[in-house]
Amino acid sequence: MTHAIDARETPDRRAGIGDETTDREKVTDLVSAIEAYVTDGSSIAFGGMGGRDPEAAAREIVRQGTTGLTVLDDARTTLLDIMVGAGCVDEYVGSWVGTSLISQGHNIRNAVENGVPHHLEMRDVSNFGSSLMFLAGAMDLPFVPTRSMLETDIPEYNDDLEVIEDPLGSGDPLVLVPPARPDVAIIHVQRCDPMGNAQIEGNVVNDHLKARAAEHTIVTCEELVSTDEIRRQPEFTRIPFYTVDAVAEVPFGSHPWHCYGRYYADLPFYREYGLRSQDREEFLEWLEEWIRPHDEYIEKVGADRLETLEHMERTINGAGSAEGADE
């Protein structure tokens with residue numbers, strides 16, 4: 001089932017709680033969800049870290065030619081490097097960038113050092129600091145104090161951070177981390193129902209905080225299941241429906257990253273990307289080859305290769321889905 005959503009006409013998501021008609025309207029397709037919620041100049045937080053990365057959504061943002069984006073995140077890999085190389089991103093606030101263990105983030109480095117395709121503004125926080133900025137956003141707090149980043153130069157180069165003396169009298173210095181409130185969070189999960197109740201197996205990272213901190217949340221899922229199925233294993237529901245605006249079923253939506261319990265990381269794909277992204281012309285050829293509608297992308301990757309990744313996940317991690325957890 002697909003239909004377009006006009007963000008300008010989308011009501012406050014909490015206003016429709018319990019309204020079954022509104023709940024059903026959350027189901028859409030990836031193209032429509034990105035068109036509705038990711039516009040030029042938006043700020044975005046992506047879910048996952050080292051797995052469940054919403055790579056298909058990022059490719060769709062590139063395919064739609066969206067520009068002027070700010071990415072508020074923790075550690076981010078391939079999808080950010082692709083978006084920066086394609087000229088989508090103006091600013092990154094986060095703790096780490098690269099292409100996992102395979103390669104540097106060559107496009108990110110090229111943008112920062114050489115302004116290609118244009119300059120990328122970077123503001124650093126520690127990994128823990130990035131978690132705290134989403135915690136502050138989720139709790140609607142003006143800041144969260146921490147000892148993280150003390151005795152580093154991160155506060156010196158990030159004007160959003162402030163170092164104060166403990167106002168309760170200990171005299172200890174504290175770093176105040178302001179809230180992250182992205183326009184949209186994009187979270188990829190294993191299972192979700194049409195209402196937006198999203199189930200995550202494995203590492204949740206900061207996804208539950210990002211969904212609550214963001215103005216809008218898009219959930220892409222490996223499998224769209226019924227609400228009855230979700231209720232069979234409620235402990236896996238990490239993101240509740242009232243934080244979600246759109247739900248799109250996107251099988252293999254994390255490829256080439258792995259999705260716990262579903263498929264393993266496609267390391268040869270990473271290696272090829274890492275090699276080709278070192279050279280600007282080769283990267284542009286890579287974009288031409290791989291930035292395409294997700295169904296065409298999956299077809300190009302190939303059924304045999306995807307089946308191998310599924311087999312590797314079962315063999316290496318021995319993980320089953322929430323669907324079969326009680327069997």
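The exercises below work through the fold, the salt bridges and a charged surface patch of a predicted model.

Residues are numbered from 1 along each chain as its sequence is written. In this predicted model local features need pLDDT of at least 70 and side-chain atom pairs count only at pLDDT 80 or more, while totals for chains, interfaces and linings use all residues, and side-chain values use heavy atoms, with hydrogens and water left out.

**Exercise 1.** State how many helices and strands the protein chain has, and what share of its residues count as buried.

*Solution.* Begin with the DSSP runs, numbered from the N terminus, where helices (H or I) need at least four residues and strands (E) at least two; the protein chain has 13 helices and 15 strands. Next apply the burial classes, in which buried means under 20% relative accessible area, exposed over 50%, and partly exposed in between, with a 1.4 Å probe and protein chains only; of the 327 residues, 54% count as buried. Finally, taking contact as heavy atoms within 4.5 Å, one finds that among contacts between residues at least 6 apart in sequence, 75% join residues at least 24 apart.

**Exercise 2.** Locate the partners of the salt bridges Arg52 with Asp207 and Glu91 with Arg123, and classify their burial.

*Solution.* A salt bridge is a side-chain nitrogen of Lys or Arg within 4 Å of a carboxyl oxygen of Asp or Glu, and the whole structure holds 20 of them. In the pair Arg52 and Asp207 the closest N and O atoms are 2.7 Å apart. Arg52 sits in the loop between strand 2 (43–46) and helix 3 (55–63), whereas Asp207 belongs to helix 8 (residues 207–213), 155 residues apart. Arg52 counts as buried at 2% relative accessibility, and Asp207 is buried at 0%. For Glu91 and Arg123 the closest N and O atoms are likewise 2.7 Å apart. Glu91 lies in strand 5 (residues 89–94) and Arg123 in strand 7 (residues 121–124), so this pair ties together parts that are 32 residues apart in sequence; both Glu91 and Arg123 are buried.

**Exercise 3.** Identify the residues of the negative surface patch, and place Glu282.

*Solution.* Patch members have over 30% relative accessible area and no salt bridge, with like charges joined within 9 Å. The negative patch is formed by Asp279, Glu281, Glu282 and Glu285. Of these, Glu282 lies in helix 11 (residues 280–290) and is partly exposed, with a relative accessible area of 37%.

Terms used: Patches are made of residues with over 30% relative accessible area and no salt bridge: like charges are joined within 9 Å, nonpolar side chains (Val, Leu, Ile, Met, Phe, Trp, Tyr) within 5 Å. Accessible areas come from the Shrake-Rupley method with a 1.4 Å probe; for residues, only the protein chains shown count as cover. Lys and Arg count as positive and Asp and Glu as negative; His and the chain ends are not counted. The place of a charge is taken as NZ of Lys, CZ of Arg, CG of Asp or CD of Glu.
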